[in-house]
Amino acid sequence: MQARIWAHLEPLGINRLCFSYLLYIDAHSPCRIGELVEAFHMDKASVTRSMASLGKLGFVDKQADKAQSRAIVLVLSPAGKAVVRE
């Protein structure tokens, strides 16, 4: 089953770590990059690069935080939601 999952995700440009990020964002939306850094014990630069990649692929959107106007939060795009649901 795992081989089928990764065979489906790899052509989309999603590796295992990025898929984990998508699952986390789906469960904790909206979230900040700092939350991903803490949850996955990764450095901020690595998470930021992954989010930029997922954004370019159309799976993650950045939005202004309603509570703090200067902060950015991450949410899944419709394409990101579809990947998680599949």
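**Burial and packing around helices α3 and α4**

Strand β2 is mostly covered, with four of its five residues buried (under 20% relative accessible area, against over 50% for exposed and partly exposed in between; 1.4 Å probe, protein chains only). The model is predicted: local features need pLDDT of at least 70, side-chain atom pairs count only at pLDDT 80 or more, and totals for chains, interfaces and linings use all residues. Residues are numbered from 1 along each chain as its sequence is written, and side-chain values use heavy atoms, leaving out hydrogens and water. Helices (H or I, at least four residues) and strands (E, at least two) are DSSP runs, numbered from the N terminus.

**Helix α4**
- The 13 residues of α4 (residues 44-56) should span 18 Å at 1.5 Å a residue (1.5 Å times one less than the number of residues), which agrees with end C-alpha atoms 18 Å apart.
- S46, V47, S50, M51 and L54 are buried in α4.
- These buried residues fall within an arc of 130 degrees (from the directions from the helix axis to the C-beta atoms), so they line one face of α4.
- Exposed residues K44, R49 and K56 lie on the face of α4 turned away from its buried side.
- The buried residues of α4 pack (heavy atoms within 4.5 Å) against α2 (16-27), α3 (33-40), β1 (60-64) and β2 (72-76).

**Helix α3**
- In α3, the buried residues are I33, L36 and V37.
- Their arc around the axis is only 105 degrees, which puts them on the same side of α3.
- The buried residues of α3 pack against α2, α4 and β2.

**Strand pairing**
- β1 and β2 pair (at least two DSSP bridges) in the antiparallel sense over five bridges.
- V60 stands opposite L76 in β2.

**Positive phi**
- H41, just after α3, takes a positive phi of about 55 degrees.
- G58, just after α4, takes a positive phi of about 90 degrees.
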